[in-house]
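Reader: Could you walk me through one part of this protein in detail? I'd like a close look at the sheet and whatever sits around it.

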Amino acid sequence: MSDEHYFTADPSVPFKRVPVTVSVWGHDLDLVTGSGVFAQGRLDIGTAVLFRETPPPSGGRLLDLGCGYGVIGLAAAVAAPEAQVCAVDVNERALLLARDNARALGVAERYRALLPDQVPADATYDEIWSNPPIRIGKQALHELLLTWLPRLAPGGRAVLVVGKNLGADSLQRWLGEQGWPTTRLASAKGFRVLETRRAED
């Protein structure tokens, strides 16, 4: 199964659950991944870089954009007991796994996994965390980011991990050109960790 299936709404491959244990921000998380979902049976390299190169959020309203089986938002919910996490994906199988994982970790009361159109139109976030689906194509990626970045509260930030060979540096420039000043927090294993901030109103 190629990862190209991971941004489809209803993957056609048979559903097989695959457990994985990841150590993130000082916590060992026992999670379940699955076929038809990004990074089946593993923590992908980009997300591992994101975790290693950043401290966890301290709390607030968080969005995990393109959540897959939920690892970023779930790790944030475990590391920051005050956090309220919304996880978004178009892959319904990914959302199912993310909800199951939230229940298993005991954070389901603070963690919601939703399709994009299920998110309240007026919802805003203090931070957005994402390993964005670069392979949906540049135009679709740009539309995705310009849809969700405006949901940042004043002074909020987005933390993104993007492969250098998948256009991280050009994306950083483009975000700045769109009025979203973006800096590089870290670079490791062929990935950039980028931070985009919304100005204080």
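Author: Sure. Let's start with the record: UniProt, in an unreviewed entry, puts the feature "domain: Methyltransferase small" at residues 29-194. Keep in mind that what you're looking at is a predicted model. In that model, the span 29-194 is 32% helix and 30% strand, and its end C-alpha atoms lie 25 Å apart.

Now the sheet. Seven strands build it, and it's an open one with mixed pairing; reading across, you go β5-β4-β3-β6-β7-β9-β8. The edges are β5 (111-114) and β8 (182-188), each of which pairs on one side only. Going from one strand to the next, the twist averages 15 degrees.

Zoom in on β6 (residues 125-130) and β7 (residues 152-163): these two run parallel and are joined by five bridges. Here you'll find tryptophan 129 opposite valine 159 of β7.

Two helices pack on this sheet. Helix α2 (residues 71-79) touches β3 (61-65), β4 (84-88), β5 and β6, with its direction at about 160 degrees to that of β3. Helix α4 (residues 138-148) touches β3, β4, β6 and β7, and its direction makes about 170 degrees with that of β3.

There's also a pocket worth a look, the second largest, with a volume of about 160 Å³. Its lining has 13 residues, and Gln84, Val85, Cys86, Arg112 and Tyr125 lie nearest the centre. Strands β3, β4 and β5 are the elements that each give two or more residues to that lining. By type, the lining of this second largest pocket splits into eight nonpolar residues, four charged and one polar.

Definitions and conventions: Residues numbered from 1 in each chain as written. Predicted model: local features only at pLDDT ≥ 70, side-chain atom pairs only at ≥ 80, totals over all residues. Heavy atoms only, no water. Pairing = 2+ DSSP bridges. Helix = DSSP H or I, 4+ residues; strand = E, 2+ residues; numbered from the N terminus. Axes fitted to C-alpha atoms, helices over the stretch in contact; angles between N-to-C directions. Contact = heavy atoms within 4.5 Å. UniProt positions renumbered as here; feature names shortened; annotations may be inferred. 1 Å grid on protein atoms, 1.4 Å probe; cavity = no way out; pocket = protein on both sides within 12 Å on 5 of 7 lines; lining within 4 Å. Points joined across faces, edges and corners; volume = space filled by probe spheres on them. Nonpolar A, V, L, I, M, F, W, Y, C, P; charged D, E, K, R; others polar.
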